[in-house]
Amino acid sequence: MDKLVQYLFGRSWAVTIGPPGGLGAVFASLRTTFDIEKNEVGTSNKAKIAVYNIASASRAQFQKGNVIRLDAGYQGVTETLFLGNVARTSVERDGREIVTTFEGGDGERQLVYAHIDKSYPLGTRVAQIIQDAAEALNADGIGTGAVLGIAEQQISSGFTFSGTVKNLLNKVLP
């Protein structure tokens, strides 16, 4: 049997929820549904993740601003489909089941609140501007080499910027 074909069996998923920088609760065996909207514009990607029958003690610990991560795929081959902050949590009864729904966006808080004040001289590489934006977002590990193939380009004139990181990236990236 082809190795690629064997990966198409045994669906696997895990939802991890917890405080930023802390340990989270992992739900890997409970029924889960999700809807993720990804986009390429200057807004965060949105997710609505519903987990069925979470114990009431576990539900009580979740708060707005918690980090939520959804990994899904097949046994041995899962990928992170969403990583962001919880903006809203709701709990409702669906017959005998209790459905806890988490809604949020990836980087939503950072896009709204991260601010940068910086001056760039003529010839500054776009990669440096992207790195400064990543630092302002506290986004460790963001690669700059392949951002739309322009990271090595240099700005054609110096400029000063004061505003949100989102607006800086909208100005620098096409």
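The secondary structure of the protein chain comes to 5 helices and 9 strands; helices (H or I, at least four residues) and strands (E, at least two) are DSSP runs, numbered from the N terminus. The model is predicted: local features need pLDDT of at least 70, side-chain atom pairs count only at pLDDT 80 or more, and totals for chains, interfaces and linings use all residues. Residues are numbered from 1 along each chain as its sequence is written, and side-chain values use heavy atoms, with hydrogens and water left out.

**Exercise 1. The chain as a whole**

Task: State in what order the elements of the protein chain run from the N terminus, and what share of its residues is buried.

Solution. Step 1: The order, read from the N terminus on, is α-β-β-β-β-α-β-β-β-α-β-α-β-α.
Step 2: Of the 174 residues in the protein chain, 33% are buried. Buried means under 20% relative accessible area, exposed means over 50%, and partly exposed lies in between (1.4 Å probe, protein chains only).
Step 3: Among contacts between residues at least 6 apart in sequence, 57% join residues at least 24 apart. Contact means heavy atoms within 4.5 Å.

**Exercise 2. Helix 4 and helix 5**

Task: Determine how the axes of helix 4 and helix 5 cross, and which residues make the contact.

Solution. Step 1: Helix 4 covers residues 126-136 and helix 5 covers residues 165-172; their axes come within 10 Å and cross at roughly 165 degrees. Axes are lines fitted to C-alpha atoms, for helices over the stretch in contact, and angles run from 0 to 180 degrees between N-to-C directions.
Step 2: The two helices are therefore roughly antiparallel to each other, a term for angles over 145 degrees.
Step 3: The contact is made by V126, I129, A133 and A136 from helix 4, together with V165, L168, L169 and V172 from helix 5.
Step 4: By class, this contact has 8 nonpolar, no polar and no charged residues. Ala, Val, Leu, Ile, Met, Phe, Trp, Tyr, Cys and Pro count as nonpolar, Asp, Glu, Lys and Arg as charged, and the others, Gly among them, as polar.
Step 5: The buried residues of helix 4 are V126, A127, I129, I130, D132, A133 and A134. These buried residues pack against strand 8 (115-120), strand 9 (159-164) and helix 5.
Step 6: After helix 4 comes N138, with a positive phi near 55 degrees.

**Exercise 3. Two buried polar or charged side chains**

Task: For N85 and for D71, find what the side chain reaches or makes a polar contact with.

Solution. Step 1: N85 lies in strand 6 (residues 77-94) and is buried, with a relative accessible area of 12%.
Step 2: The backbone oxygen of G65 is reached by the side chain of N85 at 3.1 Å.
Step 3: Beyond neighbours within four places in sequence, the contacts of N85 include N66, V67, E103 and R109.
Step 4: D71 is found in strand 5 (residues 67-74) and is buried as well, with a relative accessible area of 10%.
Step 5: The side chain of D71 makes a polar contact with the side chain of T80 at 2.6 Å. A polar contact is a pair of N or O atoms within 3.5 Å; within protein, one must be able to donate a hydrogen and the other to accept it, and residues adjacent in sequence count only if both atoms are side-chain atoms.
Step 6: Leaving aside neighbours within four places in sequence, D71 also touches S12, W13 and A14, among others.

**Exercise 4. A loop residue, D106**

Task: Establish where D106 lies and whether D106 is buried, partly exposed or exposed.

Solution. Step 1: D106 lies in the loop between strand 7 (97-105) and helix 3 (108-113).
Step 2: Its relative accessibility is 23%, so D106 counts as partly exposed.
Step 3: D106 and G84 are 22 residues apart in sequence, yet 3.8 Å apart in space, C-alpha to C-alpha.
Step 4: The side chain of D106 reaches the backbone nitrogen of N45 at 2.7 Å.

**Exercise 5. Strand 4 and the loop after it**

Task: Describe the settings of K48 and N53.

Solution. Step 1: K48 is placed in strand 4 and, at 44% relative accessibility, counts as partly exposed.
Step 2: K48 and I36 are 12 residues apart in sequence and 6.4 Å apart in space, C-alpha to C-alpha.
Step 3: N53 lies in the loop between strand 4 (46-52) and helix 2 (56-60).
Step 4: The phi of N53 is near 65 degrees, a positive value in a residue other than glycine.
Step 5: At 37% relative accessibility, N53 counts as partly exposed.

Conventions. Angles under 35 degrees count as roughly parallel, over 145 as roughly antiparallel, 65 to 115 as roughly perpendicular and the rest as oblique.
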